[in-house]
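User: Hi! I'm new to this one and would like a friendly walk through it. Can we put it up and start with a charged residue?

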Amino acid sequence: MPYRTIRTLSLLLAGMTLVAGLTGCGTRVERLEADEVRDLSGAWNDTDSRLVSEEMISDMLARPWVDDFKRRTGKQPVVIVGSVRNLSHEHINTNTFVNDIQRELTNSGRVTFVASRDERQDIRDERLDQDIHASAETRKAMGQEYGADYMLSGQINTIIDMEGRTQVRYYQVDLTLISLTDNRKVWVGQKKIKKEVVNSKLRF
């Protein structure tokens, strides 16, 4: 067989081998249901955020403060979510946890839920813009906002115990509902999660 033919076949074979190798090492993607539980590292994940928010908000709304407020005022309490601080050993996106809390509160129908501080500022900017550009019939006036009666805030803490590559992770979520009228704490909730992670690669 001529040398040029052998060289061409060798280059072609090498190219095919490279393509096959790259295909074998390619990224594999599997779509999952949003509520499917899939623990990989043992760290705080979307399942923790969802389950904790559902359980804590359910407990909060089942306590007497809701009916007491309705009895005194004849209306639903207006609630706003303040800050939830992450004081744990790991990075936790508290925005998703706060969004889960907001969803549970809004969908409960037991309270009136108002926009957060950042959202309110965006809406006020829009009203200012409407004052200049919108027609008088469609313009939304300033000073018509709902003032919140209660603010919900809290923190996430962890305790890590480890021996070798085995860890026990203890998460504690504390939420407090405070009356904006007189600073009374009308509900204090606590949720604990404990996980044993064997052969953990997560270090603190």
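User: Is R110 buried, partly exposed or exposed?
Analyst: R110 counts as partly exposed, at 27% relative accessibility. Keep in mind that this is a predicted model.

User: And which residue does R110 form a salt bridge with?
Analyst: That would be D67, and the closest N and O atoms of the two are 3.8 Å apart. The pair ties together parts that are 43 residues apart in sequence, because D67 lies in helix α3 (residues 65–73) while R110 sits in the loop between α4 (94–108) and β2 (112–113). D67 is partly exposed too, with 37% relative accessibility.

User: Why would two such side chains pair up?
Analyst: Opposite charges on side chains can pair when the charged atoms come close.

User: How many salt bridges does the structure hold?
Analyst: There are 10. Among them are two made by R103: one with D100, at 2.9 Å between the closest N and O atoms, and one with E104, at 3.2 Å. D100, R103 and E104 are therefore linked in a network of salt bridges.

User: Where are R103 and D100 relative to each other?
Analyst: Both are in helix α4, 3 residues apart, so about one helical turn separates them. D100 is buried, at 13% relative accessible area, whereas R103 is partly exposed, at 31%.

User: Switching topic: which residues form the negative surface patch?
Analyst: The patch consists of D118, E119, D122, D125, E126, D129 and D131. D118 belongs to helix α5 (residues 117–133). With a relative accessible area of 59%, D118 is exposed, since the cut-off for that is over 50%.

User: Now the strands. Is β4 largely enclosed or open?
Analyst: Strand β4 (residues 166–179) is largely enclosed by the rest of the structure, because 10 of its 14 residues are buried.

User: Which strands does β4 pair with?
Analyst: β4 runs antiparallel to strand β3 (residues 150–163), with 14 bridges joining the two. β4 is also antiparallel to strand β5 (residues 185–197), this time through 12 bridges.

User: Which residues are bridge partners there?
Analyst: Between β3 and β4, L152 is partnered with L177. Between β4 and β5, R169 is partnered with K195.

User: And what do the turns look like?
Analyst: The hairpin of β3 and β4 has 2 residues between the strands, and G164 there takes a positive phi near 65 degrees. The hairpin of β4 and β5 has 5 residues in between, and N183 in that turn has a positive phi of about 65 degrees.

Technical notes. Residues numbered from 1 in each chain as written. Predicted model: local features only at pLDDT ≥ 70, side-chain atom pairs only at ≥ 80, totals over all residues. Heavy atoms only, no water. Buried < 20%, exposed > 50% of the residue type's maximum accessible area, 1.4 Å probe, protein only. Helix = DSSP H or I, 4+ residues; strand = E, 2+ residues; numbered from the N terminus. Pairing = 2+ DSSP bridges. Patch = residues over 30% accessible without salt bridge, like charges linked within 9 Å, V, L, I, M, F, W, Y side chains within 5 Å. Areas by Shrake-Rupley, 256 points an atom, 1.4 Å probe, with all protein chains shown as cover. Salt bridge = Lys/Arg side-chain N within 4 Å of Asp/Glu carboxyl O. Lys, Arg positive; Asp, Glu negative; His and termini not counted. Charge placed at Lys NZ, Arg CZ, Asp CG, Glu CD.
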